[in-house]
Amino acid sequence: FAFHATCNARPCGTESTPCGTDARWGTSLRIMQRALARRGLSTLGGEATGKHVPYGAVGSGYYSDHTKGCYDVVKRAGVVAMRALDGVLEQRRARGAVAAREPFTLADYGTADAGTSMPLIKRLVATVRAAEPEAPIVVLYEDQSSNDWNSVFSRVHNRIPHAEPSFIPADNVFVLVSGASFYEQCAPAATVDFGFSATAMHWLRAAPASIPDALLATLTTDAGVLAAFEAQAAHDWVAILKQRSAELKPGGALAIANFAVDEQQRFLGKSEHVKESMFDTHARLWRELADEGRITAHEFEATNFPVFYRSLAQCRAPFDDLHGKASELQELEWVTGETDLVRCPYHVRWLAERGDAMAHARRFVPTTRTWSNSTFRLGLDAARSEDERDAIVNELFERYTQAVAHAPDDHAMDYVHSYIHLSKPAV
């Protein structure tokens, strides 16, 4: 299901409140979201569709504008990415690619609206250009076909007034996009020099089981369900890496920032900095709606995030296992890996400035909704009208807003990632 529209009017605030000319695109986005939601957990090649439907007015750059913490994550990932890029450039010099003016291809997997990665992509492009003044540079953006590609194009071509300027215009730099899943090969074999991905590859092909007591597998007390998610995550991680290995040129590299559970058992929205775990709070509020009869018990249990936050050891496991999956990854090498926590910028601002707690809550809560809205909608019965689904999910996030405003010190979305450098040996 592909969607592409162009709007030159000013971006409106949210998908649910389009205005002026943008009303056309807000309506179009809702149509796209509903079509995908109706498909629910139908699969295409084993992958569920409708897992992550963009939230916000199409073409407005809503995702990155309301996901400020991801800019900090990408900045942190830049340390690994720049080190990896140095190795790639050295390999290109050694095999004569520079003298041959061989195109340099940089891929951004799971780009969303291309906003949060833009500062790093600009830096990567500038570094390549400085090292290889005459090489054509190709920037390949990848995401699902239902992605808000209009926002990608608008950001790349500087059509969003408030957005950070992109690397365009630039001589001999070309932008391509792929609407294929990163579970598929997204570029021809041996054509990518450098691949980057941030906060994307935790999405599984599909949820392997229903989680009876939580929204996130990491929090379940059901050992069987947790084991099913762990097995799915291990299988999917190898599948992703096999596709990237096929795409990389010899001497190429990957820099990946994956959501993780670290050695202190911290993960997205759960850290020592706040009292409340974000996913526990979401589950409590969703359960309240079930207890009050707004949603059914079945709908609560059907609301599962098809994601898994791998530990660093789980990310490295395929490279260490000499008798299993490692044989499938023999063309990739683990170079470095580490975990780190990036603080929630909204919470940091609140602690520094204080002020109006409700205003803070209304700034913060959308950063938790940009990626979760479609999961809550998919958990609701297909017999419900689209307006009813919207009303229920709106009520959930309004309750969350009230909870944050009541105790703003206790709520945040700290980011915990593994930062990984992989390489493909030169021939």
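Start by selecting R377: at 7% relative accessibility it counts as buried. Keep in mind as you click around that this is a predicted model. Now add D390 to the selection, and you'll see its side chain meet that of R377 in a salt bridge, 3.0 Å from N to O. The pair ties together distant parts of the chain, with R377 in helix α12 (residues 373-379) and D390 in helix α13 (residues 386-406), 13 residues apart. What about the accessibility of D390? At 22%, D390 counts as partly exposed.

While you're on α13, pick N394, which is found in that helix. N394 counts as partly exposed, at 32% relative accessibility. Then draw a distance to N373: from C-alpha to C-alpha you should get 9.1 Å, for two residues 21 apart in sequence.

Next stop, the sheet. Show the strands as cartoon and trace the order β5-β4-β3-β6-β7-β9-β8: it's an open sheet of 7 strands with mixed pairing. At the edges sit β5 (173-178) and β8 (333-342), each pairing on one side only. Direction ignored, neighbouring strands here are turned by 15 degrees against each other on average.

Zoom in on β3 and β4 (residues 137-142), which pair in the parallel sense over 6 bridges. Which residue in β4 is the bridge partner of A107? Select L140 and you have it.

Now bring up α9 (312-320). This helix lies across β7, β8 and β9, running at about 175 degrees to β8. Show the side chains of R316 and D320: they meet in a salt bridge, 3.1 Å from N to O. Both lie in α9, 4 residues apart, or about one turn of the helix. As a reminder of the geometry, an α-helix has 3.6 residues a turn, so residues three or four places apart point the same way. Colour by accessibility and R316 comes out partly exposed at 36%, while D320 is partly exposed at 45%.

Move on to α6 and select residues 223-247. The helix has 25 residues and reaches 37 Å from its first C-alpha to its last, close to the 36 Å expected at 1.5 Å a residue. Where's the N-terminal cap? Look at D222, where a side-chain oxygen lies 3.0 Å from the backbone nitrogen of G224.

Stay on α6 and pick out its buried residues, among them V225, F229, W237, I240 and L241. The buried set isn't limited to hydrophobic names, as D236, R244 and E247 are in it too. What covers the buried residues of α6? The cover includes strands β3 (104-109), β6 (192-198), β7 (248-259) and β9 (415-423), along with α9.

Last stop: select E102 and K249. Their side chains meet in a salt bridge, 2.7 Å from N to O. This pair links distant parts of the chain, 147 residues apart, with E102 in the loop between α3 (68-94) and β3, and K249 in strand β7. K249 is buried, with a relative accessible area of 9%. For a wider view, turn on every salt bridge in the structure: there are 33 of them.

Methods
Residues are numbered from 1 along each chain as its sequence is written. This is a predicted model: local features need pLDDT of at least 70, side-chain atom pairs count only at pLDDT 80 or more; totals for chains, interfaces and linings use all residues. Side-chain values use heavy atoms; hydrogens and water are left out. Helices (H or I, at least four residues) and strands (E, at least two) are DSSP runs, numbered from the N terminus. The expected span of a helix is 1.5 Å times one less than its number of residues. Buried means under 20% relative accessible area, exposed over 50%, partly exposed in between (1.4 Å probe, protein chains only). Contact means heavy atoms within 4.5 Å. A polar contact is a pair of N or O atoms within 3.5 Å; within protein, one must be able to donate a hydrogen and the other to accept it, and residues adjacent in sequence count only if both atoms are side-chain atoms. A salt bridge is a side-chain nitrogen of Lys or Arg within 4 Å of a carboxyl oxygen of Asp or Glu. Two strands pair if DSSP finds at least two bridges between them. Axes are lines fitted to C-alpha atoms, for helices over the stretch in contact, and angles run from 0 to 180 degrees between N-to-C directions.
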